Amino acid sequence: MATKTHRTAAHPAVLPVRALNRATLDRQLLLHRSPMSAKDAVAHLVGLQAQNTKPPYFQLYARLADFDPAELSALMEAREVVRIVTLRSTLHTHTADDALTLRPLVQAARERELKGFRRGLEGVDLERLATVAEELVRERPRPVGELRGELLAHWPEADPLALTAAARCLLPLVQVTPRGLWGRSGQVALTTVEHWLGRPAAPVGELDATVLRYLGAFGPASVMDFQSWAGLTRTKEVFERLRPGLLTFRDERGVELFDLPDAPRPDPDTPAPPRFLPEFDNVLLGHADRARVIPEVNKGRNGKGNQTYGSVLVDGFLDALWRVDREGGTAILTVQPLRKASHAQRTEITEEAARMLAVMTDAEDHDIRFGAFLDFGD
């Protein structure tokens, strides 16, 4: 049953937090597991957070029916998906097509990051640096340390870290396999996306299509939500250009939200089963206002310092943390509720945890526990 959203042009319907939650979960494939392929899911989600190597696999497990990690790993080996810095200057797993089109869309933003390294790049000709770095990584994929050393030979007075940061900002560098493969991985080695895929990047076009894809995976959403997700600014004119073909709503704070006319907006009371998300997940990072998934009381509580843990969605909202430890042949999954869970919720969480461990670990035995492993000091 879809949520009722009667409105007029002058008074757009208000979408409560639970309505936004269920709409976002549905589009993120977290309300019901989808039968789509891993490649189609990566495309639908417009990429997967990939700061670490395992999160993309856990993101797909939480979303797809009968997911096998080997499927995504095989796509990486076949160069049908790649690991590349794009949105928010963050490493993402993208389809090859998206890697070739999204990176150009955010290239100007990546180059603006160089302002933060200008002191370490004094006297460095950035155009020449890009040329030298590209020649090096096209010759063969270069480990980060090796690339840094080669660049330092050209600019010995520069800051070494600034040199590699500049190469990353100026060039569309991908992490080549075996880095990121399931159960194998390896050190980071870089080359350009065009060289790795054997075809040129697509010309930079309008943001319109990307905004529509974003709404399809994260909507309903505000201009600021999109900008936070993409790491871009000044995109209001894009939404204004698209406005005639979109629906508009308001959240409970009065912020204007845009959405695709035919996108699903389930009833706010639609059941949302528990989902185990990795330490970095699209749904937790896709909006400026994250209250639709992260309750205010739990804001900032999925980690401490530089350590971030997995998140458990309970009734659609971040309400517990999780981590896995190994003791010999046993995988021990500990769930730390952020508020008291009911007996029925604990049972559902335990069942979902058991299913995940069976697919996502190679342990002979599994042990699921509820307890505290993170002290918030409150």
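This briefing covers one helix pair and two pockets. The model is predicted. Helix 6 and helix 7 cross at roughly 140 degrees. The largest pocket has a volume of about 560 Å³, and the second largest has about 310 Å³.

**Helix 6 and helix 7**

- Helix 6 spans residues 126-139 and helix 7 spans residues 144-154, and their axes come within 11 Å.
- With a crossing angle of roughly 140 degrees, the two helices are therefore oblique to each other.
- The crossing of helix 6 past helix 7 is right-handed.
- Helix 6 makes the contact through Arg128, Val132, Ala133, Leu136 and Val137, while helix 7 contributes Leu147, Glu150, Leu151 and His154.
- By class, the residues of this contact are 6 nonpolar, 1 polar and 2 charged.

**Largest pocket**

- The volume of the largest pocket is about 560 Å³.
- This pocket is lined by 23 residues, of which Lys54, Phe58, Trp322, Val324 and Met360 are the closest to its centre.
- Helix 3 (55-63), strand 11 (307-308) and strand 13 (317-327) are the elements that each give two or more residues to the lining.
- Strand 13 supplies the largest share of that lining, 4 residues.
- The lining of the largest pocket consists of 10 nonpolar, 7 polar and 6 charged residues.

**Second largest pocket**

- The second largest pocket has a volume of about 310 Å³.
- Among its 20 lining residues, Leu284, Arg290, Ile294, Lys299 and Gly300 are the closest to the centre.
- The lining of the second largest pocket divides into 8 nonpolar, 4 polar and 8 charged residues.

Note on methods:
Residues numbered from 1 in each chain as written. Predicted model: local features only at pLDDT ≥ 70, side-chain atom pairs only at ≥ 80, totals over all residues. Heavy atoms only, no water. Axes fitted to C-alpha atoms, helices over the stretch in contact; angles between N-to-C directions. Parallel < 35°, antiparallel > 145°, perpendicular 65-115°, else oblique. Left-handed = near helix turned anticlockwise from the far one by under 90°. Contact = heavy atoms within 4.5 Å. Nonpolar A, V, L, I, M, F, W, Y, C, P; charged D, E, K, R; others polar. 1 Å grid on protein atoms, 1.4 Å probe; cavity = no way out; pocket = protein on both sides within 12 Å on 5 of 7 lines; lining within 4 Å. Points joined across faces, edges and corners; volume = space filled by probe spheres on them.
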